[in-house]
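Subject: Structure handover

Hello,

Here is the structure I said I would pass on. My notes on it follow below the display.

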Amino acid sequence: KSLEMFAGEAYNVEQGVTNDLFPNERDETAACHFNPTPESSTHFEEADSFEAVDDVVKFATFMRLLAPPTPMPDNVSTVAGRKLFESTGCVFCHTPTLHTGMSAIPALQKKEVNLFSDLALHNMGPNLADGLIQGSAAGDEFRTAPLWGLGKRIFFLHDGRTKDLLAAIQAHASEGGGLIPASEANPVVAKFNTLTEIDKQNVLNFLRSL
């Protein structure tokens, strides 16, 4: 729900650092030696406001003020790829531009964000399902991954299973099985598959330019 919650959970789950938001140790083995919790907390005694806040708040502030990725300049192929990205229906979920709302930070208020995501949950079918439940998201539901900065990535999909961008696109398609419904992306992937090899390459070039 917020960058601070994201940072707090990452500190706790990925780094093993308890904090004000997630104060409990992940490993409760009695024989283990534990530091007093939370390990990263607000220091109310500090006179310096920067030193008073915990690492999670500092980390969230750092992420909040990062500049967006800078896309590559357009060329004939990427312009064609952008149009195909739209006409095949990729934009139904990978929405090119969203707008920020009100913010206490003027630099972040009411700005265009070329995220290429609707930030919504979608059923992605058995091929991508990992069985992990987070909040109201079932094991086959994923938030649309933002595509900005994709050209600087090495691994694709939520679990980094492939370095092949074309394989990542194809993995979005899968028929339903058992209690898992078919992927919402099936019609879009099917339309992408009807493109010529040149047009497919134009789409890939566009994505790598983001």
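A residue counts as exposed when its relative accessible area is over 50%, as buried when that area is under 20%, and as partly exposed in between. Please keep in mind that this is a predicted model. By that cut-off F62 is exposed, because its relative accessibility is 51%. F62 sits in helix α3. G149 is 87 residues away from F62 in sequence, and the two C-alpha atoms are 18 Å apart in space.

Overall layout

The chain has 7 helices and 4 strands. Starting at the N terminus, their order is α-α-α-α-β-β-β-β-α-α-α. The C-alpha trace measures about 65 × 45 × 30 Å along its principal axes. The chain has 210 residues, and 30% of them count as buried. Its accessible surface is about 13,200 Å², with 59% of that belonging to carbon and sulfur atoms. Among contacts in the chain with a separation of 6 or more, 47% are between residues 24 or more positions apart.

Helix α1 and the loop after it

Helix α1 covers residues 3-13, and its buried residues are A7, G8, A10, Y11 and N12. What do the buried residues of α1 pack against? They pack against α3, residues 55-64, the helix that holds F62.

Two residues in the loop between α1 and α2 are worth a look. T18 is one residue of that loop, with α2 following at 49-52. V17 lies in the loop between α1 and α2 as well. Is T18 buried or exposed? T18 has a relative accessible area of 0%, so it is buried. V17, at 23% relative accessibility, counts as partly exposed.

A polar atom of the T18 side chain lies 2.8 Å from the backbone nitrogen of E39. With neighbours within four places in sequence left aside, T18 is in contact with N12, P23, N24, E25, T37, P38, E39 and S40. On the same basis, V17 touches Y11, N12, E39 and S40. N12, E39 and S40 therefore appear in the contacts of T18 and of V17. V17 and K200 are 183 residues apart in sequence, and their C-alpha atoms are 45 Å apart in space.

Helices α4 and α7

Two packed helices are described by the angle between their axes and the distance between the axes. For α4 (residues 76-87) and α7 (residues 197-208), the axes come within 7 Å and cross at roughly 100°. That angle makes α4 roughly perpendicular to α7. Which residues meet where these helices touch? From α4 they are S77, T78, A80, G81, R82, L84 and F85, and from α7 they are D199, N202, V203, N205, F206 and L207. By class, this contact has 6 nonpolar, 5 polar and 2 charged residues.

T88, after α4

T88 is in the loop between α4 and β1, the latter at 98-99. T88 has a relative accessible area of 5%, so it counts as buried. Its side chain reaches back to two residues of α4 that also meet α7. The backbone oxygen of L84 is reached at 2.8 Å, and the backbone oxygen of F85 at 3.5 Å. Beyond its neighbours within four places in sequence, T88 is in contact with V188, K191, F192 and L195.

Two leucines with positive phi

Most residues other than glycine have a negative phi, and most peptide bonds are trans. Where do L119 and L157 lie in the chain? L119 is in the loop between β2 (112-113) and β3 (121-123), and L157 is in the loop between β4 (141-143) and α5 (165-170). Phi of L119 is near 60°, a positive value. L157 has a positive phi of about 75°. L119 counts as partly exposed, with a relative accessibility of 45%. L157 is partly exposed too, with a relative accessible area of 22%.

To look at these places in the display, start with T18 and its contact to the backbone nitrogen of E39, then T88 and its contacts to L84 and F85.

Regards

Terms used. Residues are numbered from 1 along each chain as its sequence is written. This is a predicted model: local features need pLDDT of at least 70, side-chain atom pairs count only at pLDDT 80 or more; totals for chains, interfaces and linings use all residues. Side-chain values use heavy atoms; hydrogens and water are left out. Axes are lines fitted to C-alpha atoms, for helices over the stretch in contact, and angles run from 0 to 180 degrees between N-to-C directions. Angles under 35 degrees count as roughly parallel, over 145 as roughly antiparallel, 65 to 115 as roughly perpendicular and the rest as oblique. Contact means heavy atoms within 4.5 Å. Ala, Val, Leu, Ile, Met, Phe, Trp, Tyr, Cys and Pro count as nonpolar, Asp, Glu, Lys and Arg as charged, and the others, Gly among them, as polar. Buried means under 20% relative accessible area, exposed over 50%, partly exposed in between (1.4 Å probe, protein chains only). Accessible areas come from the Shrake-Rupley method with a 1.4 Å probe; for residues, only the protein chains shown count as cover. A polar contact is a pair of N or O atoms within 3.5 Å; within protein, one must be able to donate a hydrogen and the other to accept it, and residues adjacent in sequence count only if both atoms are side-chain atoms.
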